[in-house]
Amino acid sequence: MQDGKKYFGTDGIRASYGQYPISPLGMLDIARAVAQTIPSSLKNMPTCVVGRDPRASGTTLALSFCSGLCAQGVHVIDVGMLPTPAIALLTRLLQADLGAVISASHNPAADNGIKFFTSSGYKISKDREQAIEAALKQPAVASGAQFGAYREHADADAQYQTYCQQRFGVASMNGLKVVLDCAHGAMSYIAPAVYKSLGAELTVVGAEPTGLNINEQCGATDLNLLSHTVCLVGADIGFAFDGDGDRLMAVDHLGQVHDGDDLLFVLASARIAKGELLNGVVGTEFTNLGLSKALGRQQVPFFAAPVGDREVVECMQAKGLTLGGESSGHLVDLLEMTTGDGLLSSLLIVRALKQLKLSLAQACAAMPRFASRQLNIPCLPEQMAYLVQHLKETTASLQAFEGQVRIVIRPSGTEPVVRVRIESLDLEIISKLSELIQGAAQQAMAAI
């Protein structure tokens with residue numbers, strides 16, 4: 001996990017269902033810890049908005065969490081199954097003190113988790129995560145507080161849909177053929193409704209959630225279905241969300257995949273074309289080198305934040321910038337949203353392409369792509385630090401490739417893997433380095 005924390009990773013707490021604290025009893029403990037760390041400056045009876053994605057375990061975990069909050073004197077507004085960005089938005093619109101979403105994002109159905117938003121709709125800080133972890137270690141005691149009230153909010157999905165439609169503006173999608181892959185996740189009903197309301201000629205896949213098929217061979221982590229469908233129906237563009245709807249990937253009319261770096265370039269290009277002063281764009285250490293080079297030709301600075309959409313947003317805020325994102329598809333336009341929002345980002349992409357009068361393929365052609373390969377090396381959490389250090393020492397000695405390659409090595413904050421990204425203009429170098437790094441990893445693991 002990150003920063004020495006036991007439970008919190010890059011994006012909230014995540015684990016296999018039943019593994020503490022992602023269990024019914026564990027969620028009661030999390031609720032107690034969260035309630036104890038709500039700032040004392042807030043009113044005596046704070047309010048928390050709670051939502052979830054459609055995982056089979058989500059209802060049980062949400063009920064436990066909501067019960068725990070109420071027992072600690074926190075009012076609960078249950079908005080049901082909604083995308084993560086909708087929870088961030090509703091926390092603001094409903095003037096709640098905290099937002100929580102039960103979800104494991106792009107992970108398989110057997111996993112679940114929880115992440116939190118402040119009253120302003122931003123991810124909670126690392127300091128607050130540490131405070132929650134510290135409270136989790138303390139023995140449970142009776143709160144002695146007045147019980148919080150629980151209520152369901154029936155209009156939550158309509159509020160989110162309306163907000164997204166308004167952000168798209170008065171433009172129409174009439175005549176635009178779009179394919180949406182909803183990952184059998186939280187976008188399954190909302191995203192198609194929004195696109196139909198805007199006039200798109202729509203084909204939808206991955207929108208039949210059973211609770212057990214989320215992210216399964218579909219969505220932002222597996223684009224084969226989307227690419228195939230776009231070509232099959234002759235669509236102009238295709239978009240894929242992940243299970244909780246905060247990521248976006250795209251496919252052009254030729255079936256070619258475009259990741260978050262490409263889409264961030266499209267959004268930046270539209271702003272530049274409008275004559276807006278773009279003082280910089282924020283990506284991460286995993287952002288393709290081609291993006292910074294393409295932006296540099298437009299005299300737009302590029303800044304690399306650590307991986308994680310919260311890190312990207314914090315960097316944007318620190319530098320007074322409004323546009324940023326990750327290769328994985330978290331895109332954030334602070335003029336429109338406070339966190340990664342796959343649906344809203346897709347609407348902004350369509351709007352940008354209309355403004356540029358280009359197809360997605362044409363708009364992305366101006367950004368050179370360095371070839372890349374990502375290795376996900378499985379290991380136990382306690383082995384991560386050793387493996388990362390070993391691989392960094394191994395790659396540091398590769399003087400023959402100096403200046404021709406970029407290698408980024410980091411522990412995942414959401415899965416038990418070490419991620420290695422290799423970039424170069426030479427595919428042969430990438431292949432050789434992949435073999436070398438995988439061999440070094442095997443040797444390191446065997447020595448533990």
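**Exercise 1. Is α8 mostly covered or not: how many of its 14 residues are buried?**

Before we start: this is a predicted model, in which local features need pLDDT of at least 70 and side-chain atom pairs count only at pLDDT 80 or more, while totals for chains, interfaces and linings use all residues. Residues are numbered from 1 along each chain as its sequence is written, and side-chain values use heavy atoms, with hydrogens and water left out.

*Step 1.* Find the helix: α8 spans residues 260-273. Helices here are DSSP runs (H or I, at least four residues), strands are runs of E (at least two), and both are numbered from the N terminus.

*Step 2.* Apply the burial cut-off: buried means under 20% relative accessible area with a 1.4 Å probe, protein chains only.

*Step 3.* Count: 12 of the 14 residues are buried, so by the cut-off α8 is mostly covered. Among them are L263, L264, F265, V266 and L267, along with the charged D261, D262 and R271.

**Exercise 2. Describe the span and the ends of α8.**

*Step 1.* From first C-alpha to last, α8 reaches 20 Å, close to the 20 Å expected at 1.5 Å a residue. The expected span is 1.5 Å times one less than the number of residues.

*Step 2.* At the N-terminal end, D259 acts as the cap, with a side-chain oxygen 3.0 Å from the backbone nitrogen of D261.

*Step 3.* After the helix comes G275, with a positive phi near 85 degrees.

**Exercise 3. Characterise the largest pocket.**

*Step 1.* Set the terms. On a 1 Å grid over the protein atoms alone, a pocket is an open set of points with protein on both sides within 12 Å along at least five of seven lines; a cavity is a set where a 1.4 Å probe fits but cannot get out; lining residues have an atom within 4 Å of a point. Volume is the space filled by probe spheres set on the points, which are joined across faces, edges and corners.

*Step 2.* The largest pocket has a volume of about 820 Å³. Its lining has 34 residues, with R247, M249, S327, S328 and Q374 nearest the centre. The elements giving two or more residues to this lining are β12 (257-258), β17 (371-378) and β19 (417-424).

*Step 3.* By class, the lining holds 6 nonpolar, 15 polar and 13 charged residues.

**Exercise 4. What lines the largest cavity?**

*Step 1.* The largest cavity has a volume of about 80 Å³.

*Step 2.* Its lining includes P85, Y160, M337 and L344. The largest share, 4 residues, comes from α3.

How values were computed:
Buried means under 20% relative accessible area, exposed over 50%, partly exposed in between (1.4 Å probe, protein chains only). A polar contact is a pair of N or O atoms within 3.5 Å; within protein, one must be able to donate a hydrogen and the other to accept it, and residues adjacent in sequence count only if both atoms are side-chain atoms.
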